[in-house]
Amino acid sequence: MQPILDRAHEIAPDLIDLRRELHRVPELDRDLPKTQALVLRALEGLDLDITTGTALSSVTAVLRGGAHDGIGPVVLLRGDMDALPVTEETGLEFSSEQPGQMHACGHDLHVAALVGAARLLCERRDELAGDVVLMWQPAEETTAGAMAMIDEGVLEAAGRPTDAAYCLHVMSSGRPLGTWFSRPGPLWGASDEFIVRVVGVGGHGSAPHMTRDPIPVACEMVTALQTLVTRRVDINDPVVLTVGKFAAGTKENIIPDDAVFEATIRSFSRANRDLLEGAVRRLLEGIADAHGLRAEIEWTPGYPVTINDENEYAFARATLTDLFGEGRYDEEQFADPGTEDFSYVLERVPGAYVSISACAADDPATAADNHSARAVFDDSVLGDCAGYLAEVATRRIERG
Ligand SMILES: [Zn+2]
């Protein structure tokens, strides 16, 4: 049979057409009816068990391999579907028709690449001694669509647990077109937010002894938080904490009743993340108490850290370098403090997340980045993307 990558390039024109159709109709968050309809149309005629989401416009398709008796490995491939609240300024002929909405993170390419993988794998069904779960997922940018799909059973969609999970992401800048990249272990950060209200007792600025002034106490907390990060956290497993908002008072001679500040905290290991919430709460409550005030802390957990399993990462990397050569692979030295909700899948199933440059500009260093209104993704990478996804699933099933 023809190599998967060659066949992927034969069907690439269809994938490019689909991607451009998707690009015109970007949708946000969990409710993506047009995107979902385009996925379902593209899967018509393929022998797949297809279900759609209840809480969100997801599509789950199970491809049953023909060479096993119900016990072969289950491999999951994921493509996220949602766009961003950005008004497109690329000038592309297939630009977004929806002002204020744009596929500025390239998820339209992810959807099309996964359709390509579905077609390629269906053509090889008879040789597959395992099943493939194809996961088209809304709400990556917003409300953890991956977690919602896990709640709706995507990891057991084949009727037994998933053994390995893979996905890819396209990037519009930073590296030459067609360069693949990733790293073992932590890849994207965890992000948590907290809001602190320091509750005191206001009064006249000339008589602070008659009040409980929240402003110096809140200032002390901001400084102490930075000390906490530098004294309690291993320098080789970094944490970034930023207080990005601080508000109190109305006038120079009035002591306010309260002071409020908001912070974001980024970490790269489950151990640090677990340590920090308790440590932050103890520190802030302790400082407030020491001054006779009270701290109200509202903690909002964001996405967990995205961790590539060492073995699955090595497997994905070997697949990429076999297909495209060592010269097109660049192992990243550091994790990125951005976040990704595929982390929820990788907390439950070993797997690997890789990226590919789809940079359309001559100079990747100055090209508009993902999430920019001017981000341009070169869809000539779609054949390679679909070929990789189908190949890694096929090889992983063969490996058993
Ligand atoms: Zn993205």
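1. Strand β5 makes a good starting point, as both of its faces are covered: Ala164, Tyr166, Leu168 and Val170 lie buried on one side, and Ala165, Cys167, His169 and Met171 lie buried on the other. Please keep in mind while reading that this is a predicted model. With eight of its eight residues buried, β5 is largely enclosed by the rest of the structure.

2. Two neighbours of β5 are worth a look in your viewer. β3 pairs with β5 in the parallel sense, over four bridges, and here leucine 76 stands opposite alanine 165. β16 also runs parallel to β5, joined to it by seven bridges. Alanine 165 appears again in this pairing, opposite glycine 351 of β16, while cysteine 167 has tyrosine 353 as its bridge partner in β16.

3. The zinc ion brings us back to β5. Its protein donors are Cys105 through SG, His107 through NE2 and His169 through NE2, at 2.1 to 2.3 Å from the ion. Written as a sequence pattern, the spacing of these donor residues is C-x1-H-x61-H. Cysteine 105 sits in the loop between β3 (74–80) and α3 (107–123), whereas histidine 169 belongs to strand β5 (residues 164–171), so this pair ties together parts that are 64 residues apart in sequence.

4. Are the two residues of that pair, cysteine 105 and histidine 169, buried or exposed? The cut-off for buried is under 20% relative accessible area. Cysteine 105 has a relative accessible area of 8% and is therefore buried. Histidine 169, with a value of 4%, is buried too.

5. Strand β16 (residues 351–357) deserves its own point. Seven of its seven residues are buried, so to speak of it as mostly covered is fair under the cut-off of under 20%. On one side the buried residues are Gly351, Tyr353, Ser355 and Ser357, and on the other Ala352, Val354 and Ile356. Besides its pairing with β5, β16 pairs with strand β6 (residues 180–182) in the antiparallel sense, over two bridges. In that pairing, phenylalanine 181 has serine 355 as its bridge partner.

6. Next, the pocket that you may want to open up on screen. What is the volume of the largest pocket? The value comes to about 620 Å³. There are 31 residues in its lining, and those closest to its centre are Trp188, Asp336, Gly338, Thr339 and His371. Two or more lining residues come from each of β5, β7 (185–188), β8 (190–199), β13 (294–301) and β16. The largest share, three residues, is supplied by β8.

7. There is also enclosed space to report. The count is one cavity of 30 Å³ or more, and the largest cavity holds about 30 Å³ of space. Asp192, Ile265, Ser267, Arg273, Leu276 and Trp299 line the largest cavity. At least two residues of this lining come from β12 (258–267), and at least two from α6 (270–290).

8. Moving to another group of strands, β1 and β2 are joined by a hairpin through six residues. The two strands run antiparallel, with four bridges between them; aspartate 49 has valine 62 of β2 as its bridge partner. β2 also pairs with strand β4 (residues 131–137), again in the antiparallel sense, over six bridges. Within this second pairing, valine 59 stands opposite tryptophan 136. Five of the six residues of β2 are buried, so the strand is largely enclosed by the rest of the structure.

9. A last stop is serine 57. Where does serine 57 lie? Its place is in the loop between β1 (49–52) and β2 (59–64). Serine 57 has a relative accessibility of 7%, and therefore counts as buried. Its side chain reaches the backbone nitrogen of leucine 32 at 2.8 Å. Setting aside neighbours within four places in sequence, the contacts of serine 57 are Arg30, Asp31, Leu32, Pro33, Gln36, Met81 and Pro138. Leucine 32 therefore turns up both as a polar partner, where the limit for N or O atoms is 3.5 Å, and in the contact list.

Terms used. Residues numbered from 1 in each chain as written. Predicted model: local features only at pLDDT ≥ 70, side-chain atom pairs only at ≥ 80, totals over all residues. Heavy atoms only, no water. Donors = N, O, S within 2.8 Å, 3.2 Å for Na, K, Ca; no water. Buried < 20%, exposed > 50% of the residue type's maximum accessible area, 1.4 Å probe, protein only. Pairing = 2+ DSSP bridges. Polar contact = N/O pair within 3.5 Å; in protein donor to acceptor, adjacent residues only side chain to side chain. Contact = heavy atoms within 4.5 Å. 1 Å grid on protein atoms, 1.4 Å probe; cavity = no way out; pocket = protein on both sides within 12 Å on 5 of 7 lines; lining within 4 Å. Points joined across faces, edges and corners; volume = space filled by probe spheres on them.
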